[in-house]
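This briefing looks at the overall form of one protein chain and at the charged side chains that pair within it. Please have the sequence and the model at hand while reading.

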Amino acid sequence: MAELSPAAQAVQYAYGDCIGGVDAVMGSEWRGLAAALRALADQVVPEPDDWTKDAMSTQGLRLLRLKRDQILAIAAELE
């Protein structure tokens, strides 16, 4: 696996610790974890709908998009 960002490393080590270490994790497991992170992004920080866009400030929407993008970037690194 390529060198990871500190955020992706933190997720990698936390997951690895749960199942016997990072070296014990197989490639398909990383893809599964990445899929779970994408689902997390969809559930916790969904794409804003028209009502949300009207109700929230532009700054608030930018923050939501930033957090979503950060989660999706970690998922992409782990794949």
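A residue is called buried when its relative accessible area is under 20%, exposed when that area is over 50%, and partly exposed in between. By that measure, buried residues make up 25% of the 79 residues in this protein, which is shown here as a predicted model.

**Overall form**
- The protein has 4 helices and 0 strands, and its elements follow the order α-α-α-α from the N terminus.
- Because its radius of gyration is 15 Å, well over the 12 Å that the globule rule gives for 79 residues, the protein is more spread out than a compact globule.
- The C-alpha trace spans about 45 × 20 × 20 Å along its principal axes.

**Contacts and surface**
- Of the contacts between residues at least 6 apart in sequence, 57% join residues at least 24 apart.
- The accessible surface comes to about 5400 Å², and carbon and sulfur atoms account for 56% of that surface.

**Charges and salt bridges**
- The protein carries 7 positive and 12 negative side chains, with the centres of the two sets 6 Å apart, and the structure holds 2 salt bridges.
- In one salt bridge, Arg 68 meets Asp 42 at 2.9 Å from N to O, linking helix H4 to helix H2 across 26 residues; Arg 68 is buried at 9% relative accessibility, whereas Asp 42 is partly exposed at 38%.
- Glu 79 forms a salt bridge with Arg 38, their closest N and O atoms being 3.4 Å apart, and this pair joins the segment after helix H4 to helix H2, 41 residues apart.
- Glu 79 is exposed, with a relative accessible area of 52%, while Arg 38 is partly exposed at 30%.

How values were computed: Residues are numbered from 1 along each chain as its sequence is written. This is a predicted model: local features need pLDDT of at least 70, side-chain atom pairs count only at pLDDT 80 or more; totals for chains, interfaces and linings use all residues. Side-chain values use heavy atoms; hydrogens and water are left out. A salt bridge is a side-chain nitrogen of Lys or Arg within 4 Å of a carboxyl oxygen of Asp or Glu. Helices (H or I, at least four residues) and strands (E, at least two) are DSSP runs, numbered from the N terminus. Buried means under 20% relative accessible area, exposed over 50%, partly exposed in between (1.4 Å probe, protein chains only). The radius of gyration is taken over C-alpha atoms; the globule rule is 2.2 Å times the number of residues to the power 0.38. Contact means heavy atoms within 4.5 Å. Accessible areas come from the Shrake-Rupley method with a 1.4 Å probe; for residues, only the protein chains shown count as cover. Lys and Arg count as positive and Asp and Glu as negative; His and the chain ends are not counted. The place of a charge is taken as NZ of Lys, CZ of Arg, CG of Asp or CD of Glu.
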